[in-house]
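Take a walk through this chain, one region at a time. The text starts with single residues, moves to helices and ends with pockets.

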Amino acid sequence: MTNPIIPVFDGHNDLPWEARENRGYSVEGIDQELPQTLHTDIPKLRRGGYLAQYWSAYVHSDYAGGDAVIATLEQIDFVHRMCARYPETFKLATTAADVRAAQAEGRIASLIGIEGGHQIANNLAVLREYARLGVRYMTLTWNNTNEFADAAAGEHKWHGLNDRGREIVREMNRIGMIVDLSHVSADTMRDALDASQFPVMFSHSSCYSVNPHPRNVPEDVQRKLADNGGVQMITAVPGFVSAAVHEWVAAGEHGERPAVSVKDVADHVEAARDVMGVDHIGVGGDYDGTGAMPTGMEDVGRYQNLFDELRSRGWSEEDLNKLGWKNALRVLEANDEAYRQFMAAGE
């Protein structure tokens, strides 16, 4: 007997940047099986059971000011063009109601998040314009501390959020843009959770208790996240999943990469559940945002392997659905009314 497909609402996919770097921003051909160097195409998404995807409008921190804004607009434009090119597959979405409509139509709801506060050029007008273009979350930092928040990597300048950062979180709450805490320092996580009046998300982060990588989420933050009503979307990035891979990278990547598999990803899922409960976990693969993925999760078509592994550990179908899509949808919906009011008011 075949196990039922668990719908996937994934928190983070870098196909737009991959298209920029290696495909000239072309949307052509992704309805075909693409080389293994690309994690994402339509046949793989269908095999993976995708209901919804937050496409990352990511811009490297080498871009700043107006250059970062222009590059972000190009990323957003890619998602809009992709949805227009394949309307039978993708539905551009901004709200939970849109996701449900896409589900009823058999299409993949396509939402947009931006992966770094530097992409607003420290300007609230830019933040609001992104929202008007359909962006529903912003990661407060990428791997660089910016004008208002400390990143997990590099310099810690503000000891979390500064006053400007708290102002930006308030504005994000007002316009219904979800606060994403992947990539930020642990102190920024704590400050943002204190500052946000709505549930927040980690779009692609795993557990510090399993692998003490600065990109992962400490247990005290997980407990605050549960109190906030948010969701931690567990990533499959090998260096975040495996302590052995993390150490191998830190030592200069000499020799073969240590083995990492879907079982290791499942360990993070269960560690997060054990601290927060099953209502605060999701999935955020970071496909096309890193190199080789764990065995059994090599591309977006392999997500059902994770659910099968968890079934073997005694997970119920209801809990698998919460992990796969229901929790992510709930957090989106918790921020929807503010977004609708902002869009209706036009201010």
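**Buried residues, helices and pockets**

Tyr86 is buried, with a relative accessible area of 1%. The model is a predicted one. Tyr86 sits in the loop that joins H3 to strand E3 (90–92). What does Tyr86 contact, leaving aside its neighbours within four places in sequence? The partners are Val27, Glu28, Gly29, Ile30, Asp31 and Ile42. The side chain of Tyr86 also has a polar atom 3.2 Å from the backbone nitrogen of Gly29. Glu253 is elsewhere: its C-alpha atom is separated from that of Tyr86 by 40 Å, and the two residues are 167 residues apart along the chain. Glu253 returns below, with the second largest pocket.

Ile30 links this site to another one. It is in contact with Tyr86, and Asp41 touches Ile30 too. Asp41 belongs to the loop between H1 and helix H2 (42–48). Is Asp41 buried or exposed? Its relative accessibility is 1%, so Asp41 counts as buried, the cut-off being under 20%. Two polar partners can be named for its side chain. The side chain of Asp41 reaches the backbone nitrogen of Leu34 at 2.8 Å. The side chain of Lys44 makes a polar contact with the side chain of Asp41, at 2.4 Å. Not counting residues up to four places away in sequence, Asp41 touches Ile30, Gln32, Glu33, Leu34 and Val300.

The loop between H1 and H2 also holds Tyr25. Tyr25 has a phi near 65°, a positive value in a residue other than glycine. Tyr25 is buried, at a relative accessible area of 14%. Gly24, just after H1, takes a positive phi as well, of about 60°.

Now step back to the helix itself. Why is H1 largely enclosed by the rest of the structure? H1 spans residues 15–22, and 6 of its 8 residues are buried, so the rest of the structure largely encloses it. The buried residues are Leu15, Pro16, Trp17, Glu18, Ala19 and Arg20. They pack against strand E1 (8–13), strand E2 (50–57) and helix H3 (65–85).

Helix H4 (residues 96–105) is the next stop. Which residues of H4 are buried? Ala96, Val99 and Ala102 are. These residues lie on the same side of H4, because they cover an arc of only 115° around the axis. Their cover includes E1, E2, E3, strand E4 (108–114) and helix H13 (317–345). E1 and E2 thus appear again: the buried residues of H1 pack against them, and they help to cover the buried residues of H4. Just after H4 comes Gly106, with a positive phi of about 75°.

Further along, look at the loop between strand E6 (178–180) and helix H7 (186–195), where Ser185 is found. Ser185 is buried, with a relative accessible area of 3%. Leaving aside its neighbours within four places in sequence, Ser185 is in contact with Asp150, Ala151, Ala152, His156 and Gly160. His183 lies in the loop between E6 and H7 too. His183 is buried, with a relative accessible area of 6%. Its phi is near 80°, a positive value in a residue other than glycine.

The pockets come last. How much space lies in the largest pocket? The figure is about 260 Å³. The largest pocket is lined by 17 residues, of which Asp14, Trp142, Asp286, Gly289 and Thr290 are the closest to its centre. By class, its lining has 5 nonpolar, 6 polar and 6 charged residues.

The second largest pocket has a volume of about 220 Å³. Its lining is made of 15 residues, and the closest to its centre are Gly239, Val245, Val249, Glu253 and Thr290. Thr290 is thus among the residues closest to the centre of the largest pocket and among those closest to the centre of the second largest pocket. Which helix gives the most to the lining of the second largest pocket? H10 does, with 5 residues. Helix H9 (238–241) and helix H10 (243–250) each supply at least two residues of this lining. By class, the lining of the second largest pocket divides into 8 nonpolar, 5 polar and 2 charged residues.

How values were computed:
Residues numbered from 1 in each chain as written. Predicted model: local features only at pLDDT ≥ 70, side-chain atom pairs only at ≥ 80, totals over all residues. Heavy atoms only, no water. 1 Å grid on protein atoms, 1.4 Å probe; cavity = no way out; pocket = protein on both sides within 12 Å on 5 of 7 lines; lining within 4 Å. Points joined across faces, edges and corners; volume = space filled by probe spheres on them. Nonpolar A, V, L, I, M, F, W, Y, C, P; charged D, E, K, R; others polar. Helix = DSSP H or I, 4+ residues; strand = E, 2+ residues; numbered from the N terminus. Buried < 20%, exposed > 50% of the residue type's maximum accessible area, 1.4 Å probe, protein only. Contact = heavy atoms within 4.5 Å. Polar contact = N/O pair within 3.5 Å; in protein donor to acceptor, adjacent residues only side chain to side chain. Arc of directions from axis to C-beta.
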